[in-house]
Amino acid sequence: MKKLLLFVLLSVMTLAACGTTEENPSPTTEGNAKEETIILYKSDANAEYTMPFEETYDGKSDLVPFIYSKVNEHDVVLLDYTLENNDTSLVLNLGDDVYTIQGSAGAAMFVETLARSYFENMPEIKEITFIHKGSYESILDHMDIGEPYSREKFDM
């Protein structure tokens with residue numbers, strides 16, 4: 001009798017499990033998002049060198065704007081971005097605030113902190129290009145707008 005009851009219970013559980021569907025899939029099913037610590041870069045107090053620091057990335061948000069928001073020290077707006085050439089080239093489309101970057105040292109730190117942070121965390125990226133409001137035209141003397149910065153330039 002106990003064996004029959006056990007058999008019936010197992011059969012009912014098996015049939016119930018076969019009919020189960022997940023109506024609200026978890027948001028982490030897109031790439032199995034999980035929290036992790038990533039390495040980003042910021043400039044030192046004298047804007048001479050870049051220094052690594054750790055940041056917790058939730059794995060759910062888009063990595064490109066996440067890195068930009070944590071590294072950008074100049075309040076330059078990221079309008080959008082594209083990944084080109086089979087995702088090996090990152091193009092960052094910047095707003096008019098790019099004009100507020102002061103001098104060669106400021107521009108160098110802006111570019112280097114972002115480039116190092118992207119190259120560190122996105123190994124497939126080989127080059128990064130900064131553009132201004134969709135244009136590749138050079139608008140600043142102290143920053144190469146429209147020209148790619150390669151991974152090799154930063155020894156990464």
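User: What makes the residues of α2 count as packed against other elements?

Analyst: The model is a predicted one. In it, the buried residues of α2 pack against β1 (36–43), β2 (50–57), β3 (78–84), β4 (89–94) and α3 (103–121). Contact means heavy atoms within 4.5 Å. The buried residues of helix α2 (residues 63–71) are Leu63, Val64, Phe66, Ile67, Tyr68 and Val71.

User: How does α2 lie on β3 and β4?

Analyst: Helix α2 lies across these two strands and runs at about 135 degrees to β3. Helix α3 packs on the sheet as well, where it touches β4, β5 and β6. The direction of α3 makes about 135 degrees with that of β5.

User: Why is asparagine 72 called buried or exposed?

Analyst: Buried means under 20% relative accessible area. Asparagine 72 has 17% relative accessibility, so it counts as buried. Its place is in the loop between α2 and β3.

User: What makes the pair of asparagine 72 and valine 76 a polar contact?

Analyst: A polar contact needs a pair of N or O atoms within 3.5 Å, one able to donate a hydrogen and the other to accept it. Here a polar atom of the side chain of asparagine 72 lies 2.7 Å from the backbone oxygen of valine 76.

User: Why is aspartate 75 called buried or exposed?

Analyst: Exposed means over 50% relative accessible area. At 63%, aspartate 75 is therefore counted as exposed. Aspartate 75 also lies in the loop between α2 and β3. Its phi is near 55 degrees, a positive value in a residue other than glycine.

User: Where is lysine 133 found, and what is its phi?

Analyst: Lysine 133 is in the loop between β5 and β6. The phi of lysine 133 is near 50 degrees, which is positive, and the residue is not a glycine.

User: How do you know that β1 and β2 are paired?

Analyst: Two strands pair if DSSP finds at least two bridges between them. For β1 and β2 there are 8 bridges, and the strands run antiparallel. One bridge has serine 43 and threonine 50 as partners. The hairpin of these strands has 6 residues between them, and alanine 47 there takes a positive phi near 55 degrees.

User: What makes β4 and β5 a pair, and how do they run?

Analyst: The cut-off is again at least two bridges. Between β4 and strand β5 (residues 127–132) there are 6 bridges, and the two strands run parallel. Leucine 92 stands opposite phenylalanine 130 in β5. As background, strands of a sheet pair through backbone hydrogen bonds, either parallel or antiparallel.

User: What is the strand order of the open sheet, and why are some of its strands called edge strands?

Analyst: The open sheet has 4 strands in the order β3-β4-β5-β6, with mixed pairing. Strands β3 and β6 (148–150) each pair on one side only, and these are the edge strands. Neighbouring strands of this sheet are turned by 20 degrees against each other on average, direction ignored.

User: Why is leucine 92 called buried or exposed?

Analyst: The limit for buried is under 20%. Leucine 92 has 0% relative accessibility, so it counts as buried. This leucine lies in strand β4. Leaving out residues up to four places away in sequence, leucine 92 touches Val64, Leu78, Asp80, Tyr81, Tyr118, Ile128, Thr129, Phe130 and Ile131. The C-alpha atoms of leucine 92 and isoleucine 131 are separated by 6.1 Å, with their positions 39 residues apart along the chain counted as the distance apart.

User: What makes a set of residues a nonpolar core, and which residues have the most contacts inside the largest one?

Analyst: The members must be buried residues of certain kinds, such as Leu, Phe and Met, joined through side-chain atoms within 4.5 Å. The largest such core has 33 residues, and those with the most contacts inside it are Leu92, Leu94, Phe110, Tyr118, Ile128, Phe130 and Met143. At least two residues each come from β1, β2, α2, β4, α3 and β5. Helix α3 gives the largest share, 7 residues. In soluble globular proteins, nonpolar side chains tend to be buried together.

User: How much of the chain counts as buried?

Analyst: Of its 156 residues, 35% count as buried.

Methods:
Residues are numbered from 1 along each chain as its sequence is written. This is a predicted model: local features need pLDDT of at least 70, side-chain atom pairs count only at pLDDT 80 or more; totals for chains, interfaces and linings use all residues. Side-chain values use heavy atoms; hydrogens and water are left out. Buried means under 20% relative accessible area, exposed over 50%, partly exposed in between (1.4 Å probe, protein chains only). Axes are lines fitted to C-alpha atoms, for helices over the stretch in contact, and angles run from 0 to 180 degrees between N-to-C directions.
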